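Take a look at the model below. The walk starts at a single residue and works outward to the chain and its copies.

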There are 4 protein chains.
Amino acid sequence: MDHLDRMLETHPHPAHSDGDIASACIRACFDCVEACTTCADACLAEDDVQSMVACIRLDLDCADICGVTGRLIARPSPRDADVLRLQLQACAAICRACGDECEKHGRHGMEHCRVCADACRACAEACDAMAGALVP
Amino acid sequence: MDHLDRMLETHPHPAHSDGDIASACIRACFDCVEACTTCADACLAEDDVQSMVACIRLDLDCADICGVTGRLIARPSPRDADVLRLQLQACAAICRACGDECEKHGRHGMEHCRVCADACRACAEACDAMAGALVP
Amino acid sequence: MDHLDRMLETHPHPAHSDGDIASACIRACFDCVEACTTCADACLAEDDVQSMVACIRLDLDCADICGVTGRLIARPSPRDADVLRLQLQACAAICRACGDECEKHGRHGMEHCRVCADACRACAEACDAMAGALVP
Amino acid sequence: MDHLDRMLETHPHPAHSDGDIASACIRACFDCVEACTTCADACLAEDDVQSMVACIRLDLDCADICGVTGRLIARPSPRDADVLRLQLQACAAICRACGDECEKHGRHGMEHCRVCADACRACAEACDAMAGALVP
């Protein structure tokens, strides 16, 4: 089902010589959109919703920021590196914050939070790598 | 890197007994967001942009609709089936329209359009399957 | 600060002779994005979050669907009327569902829900009007 | 039709004592989503699309970033100031870049670009003001 790599390969004028980093970043962003969107819904389905409020808020912000970051990186034509860098930094920051909060709940047996924490960390690292690979 | 299946499995109260159809639909939606977002950018990088205008417009609409459809299905708690059905129908319709347009350009050697057409068709089918599996 | 009407007036080839209905629909959609996004956050800040779970879920779906519907209508070039009609129907349906739920909480003194119900109803009506004005 | 101010006023525990700056920022963000979305579609409807490619790309990025920034600020509960600051900086940066490009076309008589440039500049300023008002 996966079409991303072939899309990036067939782009007429991509900005990046190394499409693998961009591909990994886009994938990690949308993977994190999925995880955080499902995690917020799962948190709302827990018996003690009150204790999940901080997690739900971070999940919502994280899903939104990852979604727009994924879309930006999925446009491979040359872009203003400053904008991309700030967006990638915002994305890495919310992913770390959300991953930390989810990790806490994961340690207390909340399995969807543990998995979501994984997705958040992977996305933070992929955004860092992408920021480091930006053509200035 | 993929966390979606584990997220859906660990949700406390999912609406659907069959998570595989939902999982396939979510994946196809975000796969199509990626493909259409990259395709619009690739079309803008073609020498003859003028001939790609209809394709770019469909790509933009398709990426937006697939994105919101993916987010809705990624919230597995019980939902109003009527809303989901209409959203899935809108998504299948734009995916078919975008896939048809991309297919035309693909036949004339525009490879990113050919790949994008694949992603669109796969998403249309996944939305049809999901609509058929909705718990009323 | 409002630029929407001038944007629609200066579009080279809009599909609609009557830009007022489109303008009202776009405005109502983004007004509802704001209301539902703030309402979900406000519900999460209530003492008894548990009783707000259904409202939060509808707020999240409604904000997402209104956002994409507003973007689609904000692209005035001719579009496939079937896709727009389904998207407008999905939007009106979620706005009515979300408005009904918010209205219940509004009657029990939850003021942000009462205001959000207003925004949802206005958006449902604007989407109905827009669907009726679509050029087939 | 406008419900935003009443939504912010009735939030149980907003982070900001001064809701006017947040309200102006949210409004400017969604105003810019509308302007940039319509501008990209209008650029695609111009006779010489080729000369509008850079503008279309900036419009698309700007609409996406403004949309997510508006949603984040529309959640008034206390948030991580670092994430918000980075997101507001990314938003101000893309608004300036998009406003500069639109301004050029506006000077050559492209009226929708002139209006869009206004919306972009207003949003950049509103994001700067909001960043300055963040509670650390």
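C:Glu103 sits in helix 4 of chain C. This is a predicted model. The relative accessible area of C:Glu103 is 22%. Buried would require a value under 20% and exposed a value over 50%, so C:Glu103 counts as partly exposed. Leaving out residues up to four places away in sequence, C:Glu103 touches C:Ala117 and C:Arg121. C:Ala133 lies 30 residues from C:Glu103 along the chain. In space, the C-alpha atoms of these two residues are separated by 28 Å.

Stay in chain C and step back to C:Arg75. This residue is placed in the loop between helix 3 (53–73) and helix 4 (81–107). Is C:Arg75 buried or exposed? Its relative accessibility is 6%, so C:Arg75 counts as buried. Which residues does C:Arg75 touch, not counting those up to four places away in sequence? From chain B come B:Leu60, B:Asp61 and B:Asp64. From chain D come D:Thr37 and D:Asp41.

Now cross to chain B. B:Ile65 belongs to helix 3 of that chain, which covers residues 53–73. Its relative accessible area is 0%, and therefore B:Ile65 is buried. Set aside neighbours within four places in sequence, and its contacts fall in chains B and C. In chain B, B:Ile65 meets B:Gln87, B:Ala90, B:Cys91 and B:Ile94. In chain C, B:Ile65 meets C:Val68, C:Leu72, C:Val83 and C:Gln87. One more pair helps to place B:Ile65. B:Leu88 is 23 residues away in sequence, yet the C-alpha to C-alpha distance is 9.2 Å.

Next, zoom out to chain A as a whole. It has five helices and zero strands. From the N terminus on, the order is α-α-α-α-α. The C-alpha trace spans about 50 × 30 × 20 Å along its principal axes. How does the radius of gyration of chain A agree with that of a compact globule? For 136 residues, such a globule would have a value near 14 Å. Chain A has 16 Å, which agrees.

Burial and contacts fill in the picture. Of the 136 residues of chain A, 65% count as buried. Take the contacts in chain A with a separation of 6 or more: residues 24 or more positions apart account for 73% of them. The exposed area of chain A is about 4600 Å². Carbon and sulfur atoms supply 50% of that area. Chain A carries 12 positive and 23 negative charges. The mean positions of the two sets are 4 Å apart.

Finally, turn to the copies. Two copies of a chain are related by a rotation about an axis and a shift along it. For chain A and chain C, the rotation is 180 degrees and the shift 0.0 Å, with an RMSD of 0.0 Å. That is the relation of a two-fold axis. The same surface serves both copies, since 100% of the contact residues of chain A recur in chain C.

Chain B can be compared with chain A too. A turn of 180 degrees and a shift of 0.0 Å along the axis lay chain A on chain B, with an RMSD of 0.0 Å. A:Phe30 comes closest to the rotation axis among the residues of chain A, its C-alpha lying at 3.4 Å. Of the interface residues of chain A, 100% are also interface residues in chain B, so these copies meet through the same surface.

How values were computed
Residues are numbered from 1 along each chain as its sequence is written. Chains are lettered from A and ligands numbered from 1 in the order in which they are written. This is a predicted model: local features need pLDDT of at least 70, side-chain atom pairs count only at pLDDT 80 or more; totals for chains, interfaces and linings use all residues. Side-chain values use heavy atoms; hydrogens and water are left out. Helices (H or I, at least four residues) and strands (E, at least two) are DSSP runs, numbered from the N terminus. The radius of gyration is taken over C-alpha atoms; the globule rule is 2.2 Å times the number of residues to the power 0.38. Buried means under 20% relative accessible area, exposed over 50%, partly exposed in between (1.4 Å probe, protein chains only). Contact means heavy atoms within 4.5 Å. Accessible areas come from the Shrake-Rupley method with a 1.4 Å probe; for residues, only the protein chains shown count as cover. Lys and Arg count as positive and Asp and Glu as negative; His and the chain ends are not counted. The place of a charge is taken as NZ of Lys, CZ of Arg, CG of Asp or CD of Glu. Copies are superposed by least squares on the C-alpha atoms of residues with pLDDT of at least 70 in both.
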